[in-house]
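Here are some comments on the model, set out as numbered points for discussion. They begin with strand pairing and end with the chain as a whole.

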Amino acid sequence: MSFTIKTVFSIAGNTVIELNDMPTISLGQFVTIDDIKAKVVGIPMLPSGKYAIEVDKPINVGQKLYL
């Protein structure tokens with residue numbers, strides 16, 4: 001299953017990734033972003049209709065997140 005990365009925000013070495021949809025995901029889970037393996041370290045609260053996760057790697061807009 002893949003998700004499009006809409007926006008990224010760098011925070012102290014981590015990256016908050018805004019997604020086009022919210023996957024069923026939990027803290028500590030590993031995800032693949034293109035060829036990068038990243039650990040989910042946070043799930044920020046956003047306004048209704050917006051979805052994001054925080055990972056422990058620097059990520060760019062336009063990449064794909066895979067579960």
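In which sense do S1 and S6 pair, and over how many bridges?

1. In this predicted model, S1 and S6 pair in the antiparallel sense, and three bridges join them. Within that pairing, Leu-65 of S6 is the bridge partner of Phe-3. Leu-65 is also the bridge partner of Ile-33, which belongs to the covered face of strand S3, and this residue is therefore a convenient place to begin reading the sheet around S6, given that S3 and S6 (residues 64-66) pair in the antiparallel sense over two bridges.2. S1 has a further antiparallel neighbour in S2, to which six bridges join it. One of the facing pairs is Val-8 with Ile-17 of S2, which stand opposite one another. The hairpin of S1 and S2 has two residues between the strands, and Ala-12 takes a positive phi near 50° there.

3. Ala-12 deserves a second look. It is placed in the loop between strand S1 (2-11) and strand S2 (14-19), and its phi is positive although the residue is not glycine. Most residues other than glycine have a negative phi. As for surroundings, Ala-12 is exposed, its relative accessible area being 81%.

4. What is the sense of the pairing between S3 and S4, and how many bridges does it have? S3 and strand S4 (residues 36-42) are antiparallel and share four bridges, with Ile-33 standing opposite Ile-36 of S4. The two faces of S3 (residues 30-33) are unlike in cover: Val-31 and Ile-33 make up the covered face, whereas Phe-30 and Thr-32 make up the uncovered one.

5. The hairpin of S3 and S4 also has two residues between its strands, and here Asp-34 is the residue with a positive phi, near 50°. Asp-34 is found in the loop between these strands and, like the case discussed in point 3, is not a glycine. Is Asp-34 exposed or partly exposed? With a relative accessible area of 32%, Asp-34 is partly exposed.

6. A charged residue in strand S5 (residues 51-55), Glu-54, calls for a careful reading. Glu-54 is buried and yet has no salt bridge, and the nearest side chain of opposite charge, that of Lys-39, is 12 Å away. Leaving aside residues up to four places away in sequence, Glu-54 touches Asn-14, Thr-15, Val-16, Lys-39, Val-40, Val-41, Gly-42 and Pro-44. Lys-39 is thus listed among the residues that Glu-54 touches, while the 12 Å figure concerns the side chain of opposite charge, and the two statements should be kept apart when this site is examined.

7. Turning to the whole chain, the protein has six strands and zero helices, and its elements run β-β-β-β-β-β from the N terminus on. The radius of gyration is 10 Å, close to the 11 Å that the globule rule gives for 67 residues, so the chain is as compact as a globular protein of that length. Along its principal axes, the C-alpha trace spans about 30 × 30 × 20 Å.

8. Some totals complete the note. Of the 67 residues, 31% count as buried, and the chain exposes about 4,000 Å², of which carbon and sulfur atoms supply 54%. Among contacts between residues at least 6 apart in sequence, 53% join residues at least 24 apart.

Technical notes: Residues numbered from 1 in each chain as written. Predicted model: local features only at pLDDT ≥ 70, side-chain atom pairs only at ≥ 80, totals over all residues. Heavy atoms only, no water. Buried < 20%, exposed > 50% of the residue type's maximum accessible area, 1.4 Å probe, protein only. Pairing = 2+ DSSP bridges. Lys, Arg positive; Asp, Glu negative; His and termini not counted. Salt bridge = Lys/Arg side-chain N within 4 Å of Asp/Glu carboxyl O. Contact = heavy atoms within 4.5 Å. Rg over C-alpha atoms; globule rule 2.2 N^0.38 Å. Areas by Shrake-Rupley, 256 points an atom, 1.4 Å probe, with all protein chains shown as cover.
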